[in-house]
Amino acid sequence: MSKYDEFHKFRTEMNEKILNSNFSDFKKFFALDTKAYHEGTIPSKYKEMMGLVASMVLRCNDCIFYHLEQCIKLGAKREELFEAMNIALIVGGSIVIPHLRYAFSVLDEIYERVK
């Protein structure tokens, strides 16, 4: 199974479990998270790029994958993503390099699947 398919299968299954647990605070947080990236004064593409930077600095590969995919769906060009990832590298330092490698390892497949 590809990284793309594996990511989506796991995410879908676990989100269903979480959201069907009948614990309302989980649903509230998920709704708040979703709403934060909606179009506003700051366009959604740039919000997702901010999410990508934060995810790289916080070293969350699942989050990196998610935000890369959202950025690409919203029309982000590779050069824009490279600049965003560079900001993460500058802010986070060398500890971000393994996550930069991860981002590059999934980038082509995400572009192929989304386009």
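## Ile18 and the surface patch

In this predicted model, Ile18 has a relative accessibility of 31% and therefore counts as partly exposed, a class lying between buried (under 20% relative accessible area) and exposed (over 50%), with a 1.4 Å probe and protein chains only. The residue belongs to helix H1, which spans residues 3-19; helices are DSSP runs of H or I with at least four residues, numbered from the N terminus.

Together with Phe23 and Phe26, Ile18 makes a nonpolar surface patch of about 250 Å². Patch members have over 30% relative accessible area and no salt bridge, and nonpolar side chains are joined within 5 Å, a salt bridge being a side-chain nitrogen of Lys or Arg within 4 Å of a carboxyl oxygen of Asp or Glu.

## The nonpolar core

The largest nonpolar core (buried Ala, Val, Leu, Ile, Met, Phe, Trp, Tyr and Cys residues joined through side-chain atoms within 4.5 Å) has 23 residues, and Leu52, Met56, Leu68 and Leu81 have the most contacts inside it. Two or more residues each come from H1, H3 (44-58), H4 (61-73), H5 (78-92) and H6 (97-114), with H6 giving the most, six residues.

Beyond its neighbours within four places in sequence, Leu81 is in contact (heavy atoms within 4.5 Å) with residues including Met49, Leu52, Leu68, Leu107 and Tyr111.

## Ser55

Ser55, found in helix H3, is buried, with a relative accessible area of 6%. Not counting residues up to four places away in sequence, Ser55 touches Cys60, Cys63, Ile64 and His67.

## Basis of the values

Residues are numbered from 1 along each chain as its sequence is written, and side-chain values use heavy atoms, leaving out hydrogens and water. As the model is predicted, local features need pLDDT of at least 70 and side-chain atom pairs count only at pLDDT 80 or more, while totals for chains, interfaces and linings use all residues.

Methods. Patch = residues over 30% accessible without salt bridge, like charges linked within 9 Å, V, L, I, M, F, W, Y side chains within 5 Å. Areas by Shrake-Rupley, 256 points an atom, 1.4 Å probe, with all protein chains shown as cover.
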